[in-house]
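Trainee: Got a minute to go through a model with me? I'd like to look at helices, pockets and rings.

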Amino acid sequence: MKKIFAVKIVLALLVTQMMGSCEQSFDQPDIKNNPNAVTNVDIATLLAGTELGVSMLHEDTDVRIASMWAGELAGLSRAHQGFGQYIVSSQTFSWNVLYPVASQARLIQAKADVLGDKWTKGIGQVLEALVIAKATSLYGDVPYSQAFDETNYPTPVFDKQIVIYKALQSTLDNAIINLSAPTGLAFSQQDFLYKGDVIKWKAAANTLKARLYLHTAEYDNAIASAANGIKSQTADMLIPHGTSLGIDQNQNYDFFRVNRAGDTGFDGAYLPKLMQSRITSANTKTDETALYYHYFKTGIIAPGSLDANTTDGAFTASSQHPVLTFYENELIIAEAQARKNMNSEALIALNAVRTGLAGGYLNGATLPSSGRKYESYILNDFSATGLANPTQAATVQLALLQEIIAQRYIIFLMQYEAFNDYRRLAKAVPVMQLPITLYAGSRKPQRFIYPQNEIATNPNVPTPLPDQFTNVPIF
């Protein structure tokens with residue numbers, strides 16, 4: 001992990017690039033001489049830099065690989081064609097941003113303790129949990145308990161995945177306690193995710209708890225956490241973007257339209273096929289045509305190609321990108337309740353999402369009114385001959401789960417949570433999966449491979465080394 005710690009300075013440089021007013025804050029001799037000694041950076045600047053790092057981790061190559069492996073996106077050229085066919089190696093992946101960002105989140109907490117600032121400490125804990133949750137869900141066992149003490153643990157142990165999940169729940173519990181404190185500092189300018197609104201941070205912490213409980217099939221806990229989670233569209237955690245080239249553009253726009261145009265697309269991917277099947281179905285209560293064209297546009301990269309809509313849809317330069325949302329929160333409730341065969345309660349949560357979509361809202365954008373229809377369902381719609389049971393699932397519970405799972409899959413475009421669902425649903429009971437086809441071979445990808453740098457420098461890397469087709473423990 002030594003080289004990973006050294007990359008902390010990269011985050012400082014990124015913040016300097018992205019936020020010109022912060023430049024002098026990082027012009028410190030101890031930073032230049034020792035990337036780990038960032039104690040002279042003020043906590044507000046550190047918060048902005050860490051949020052920037054977390055944002056990068058939700059729009060990076062790992063997310064695109066996860067989207068391809070979930071069947072949402074297709075790899076068409078160069079390296080991404082291989083990724084789409086599950087051809088990866090230890091050189092494909094890197095922790096050179098992931099762990100430094102988590103380390104900066106931990107440093108926020110230490111500096112907040114010195115200031116007696118519980119609010120900012122709570123934010124730091126949520127940011128830490130977001131990063132480590134990504135790491136463990138994609139890689140399985142990873143360093144956590146010893147990951148932030150380079151002096152005593154230069155080669156940290158790999159904690160068991162289920163232990164990490166429990167530790168993350170504890171971290172988030174503590175974050176909620178800190179965010180519930182009567183006073184604290186609210187860095188509204190530097191906190192570009194929630195503008196210093198600790199009520200929204202507290203709700204986000206609960207939604208993240210609910211997501212993790214869904215991963216571990218703890219459905220009662222997922223429902224309880226989501227009940228205190230993000231309860232309105234205005235509380236969505238969205239990454240803001242602008243139109244300045246190389247400064248604040250949406251990373252998906254930069255990839256799809258600028259730097260890697262044609263490397264990926266949606267021709268042959270399962271997601272557009274699923275959406276088209278829903279559009280042409282006999283379900284008279286739903287029309288997802290507007291959402292389809294919000295996601296996809298034909299002929300941007302080449303004549304007839306089905307491309308990401310970088311023109312006027314989900315992936316323009318200034319499109320906001322979701323991290324945690326009201327829709328995810330309600331769909332967690334919906335699935336968890338349906339797993340418990342509490343179908344009426346599940347339907348209430350699903351219809352809350354449909355009401356939001358009927359109003360045209362998605363991740364800060366407004367869908368066109370034409371081709372947009374999401375009438376509320378009733379339970380009879382999921383009967384054997386119901387309009388929302390296209391595969392004639394045997395029970396209302398299974399048909400309802402099928403709709404909830406499909407809605408999650410559609411909402412999670414370009415979010416790694418789609419890949420988590422892809423693996424999780426093979427184990428969740430009762431089993432209900434989407435018929436996502438493989439791009440190559442006969443084995444499904446199940447995890448990311450440990451990075452070569454970690455393999456070469458940390459003797460605690462699990463042996464034998466798991467390949468991309470080895471299940472992670474919780475899935």
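Mentor: Sure, we'll take one helix, then the empty spaces, then a single residue and the aromatic rings. Keep in mind that this is a predicted model.

Trainee: Start with α9. What should its 19 residues span?

Mentor: Helix α9 covers residues 161–179, and at 1.5 Å a residue the expected span is 27 Å. The C-alpha atoms at its ends are 27 Å apart, so the two agree.

Trainee: Which residues of α9 are buried?

Mentor: Q161, I164, Y165, L168, Q169, T171, L172, A175, I176, N178 and L179.

Trainee: Why would spacings of three or four matter in a helix?

Mentor: An α-helix has 3.6 residues a turn, so residues three or four places apart point the same way. Look at the buried list with that in mind: I164, L168, L172, A175 and L179 are among its members.

Trainee: What do the buried residues of α9 pack against?

Mentor: Two helices: α8 (118–139) and α10 (198–215).

Trainee: Switching to empty space. How much of it lies in the second largest pocket?

Mentor: About 360 Å³. It has 20 lining residues, and those closest to its centre are L274, S277, R278, P390 and Q402.

Trainee: Which helices supply at least two residues each to that lining?

Mentor: α13 (270–279) and α17 (396–411) do.

Trainee: And by class, what is in the lining of that pocket?

Mentor: The second largest pocket is lined by 11 nonpolar, 7 polar and 2 charged residues.

Trainee: What about closed spaces? How many cavities of 30 Å³ or more are there?

Mentor: The count is 3. The largest cavity has a volume of about 60 Å³.

Trainee: What lines the largest cavity?

Mentor: H58, V63, R211, H321, P322, V323, Q415, Y416 and E417. Strand β7 (residues 321–324) gives the most, with 3 residues. By class, the lining of the largest cavity has 4 nonpolar, 3 polar and 2 charged residues.

Trainee: New topic. Where does Q251 sit?

Mentor: In helix α12, residues 251–259. Q251 has a relative accessible area of 28%, so Q251 counts as partly exposed.

Trainee: Which residues does Q251 contact, leaving aside neighbours within four places in sequence?

Mentor: S55, M56, E59, R64 and H241. Also look at S67: it is 184 residues from Q251 along the chain, and their C-alpha atoms are separated by 15 Å.

Trainee: Now the rings. How many aromatic pairs are there?

Mentor: The structure holds 28. One of them is F256 with F315, an edge-to-face pair at 5.5 Å centre to centre and 70° between the planes.

Trainee: Which parts does that pair tie together?

Mentor: F256 lies in helix α12, and F315 is in the loop between β6 (306–308) and β7, so the pair ties together parts that are 59 residues apart in sequence.

Trainee: Are F256 and F315 buried or exposed?

Mentor: Both are buried. Another edge-to-face pair is Y295 with F296, at 5.9 Å centre to centre and 65° between the planes.

Trainee: What are the accessibilities there, starting with Y295?

Mentor: Y295 is at 3% relative accessibility, so Y295 counts as buried. F296 has 1%, and F296 is buried.

Trainee: Last one. Which rings are linked into a cluster?

Mentor: W69, Y86, F93, W95, Y99, Y139, F158, F419, Y422, F448, Y450 and F469, through ring pairs.

Definitions and conventions
Residues numbered from 1 in each chain as written. Predicted model: local features only at pLDDT ≥ 70, side-chain atom pairs only at ≥ 80, totals over all residues. Heavy atoms only, no water. Helix = DSSP H or I, 4+ residues; strand = E, 2+ residues; numbered from the N terminus. Expected span 1.5 Å × (residues − 1). Buried < 20%, exposed > 50% of the residue type's maximum accessible area, 1.4 Å probe, protein only. Contact = heavy atoms within 4.5 Å. 1 Å grid on protein atoms, 1.4 Å probe; cavity = no way out; pocket = protein on both sides within 12 Å on 5 of 7 lines; lining within 4 Å. Points joined across faces, edges and corners; volume = space filled by probe spheres on them. Nonpolar A, V, L, I, M, F, W, Y, C, P; charged D, E, K, R; others polar. Phe/Tyr/Trp six-rings, centres within 6.5 Å; stacked < 30°, edge-to-face > 60°.
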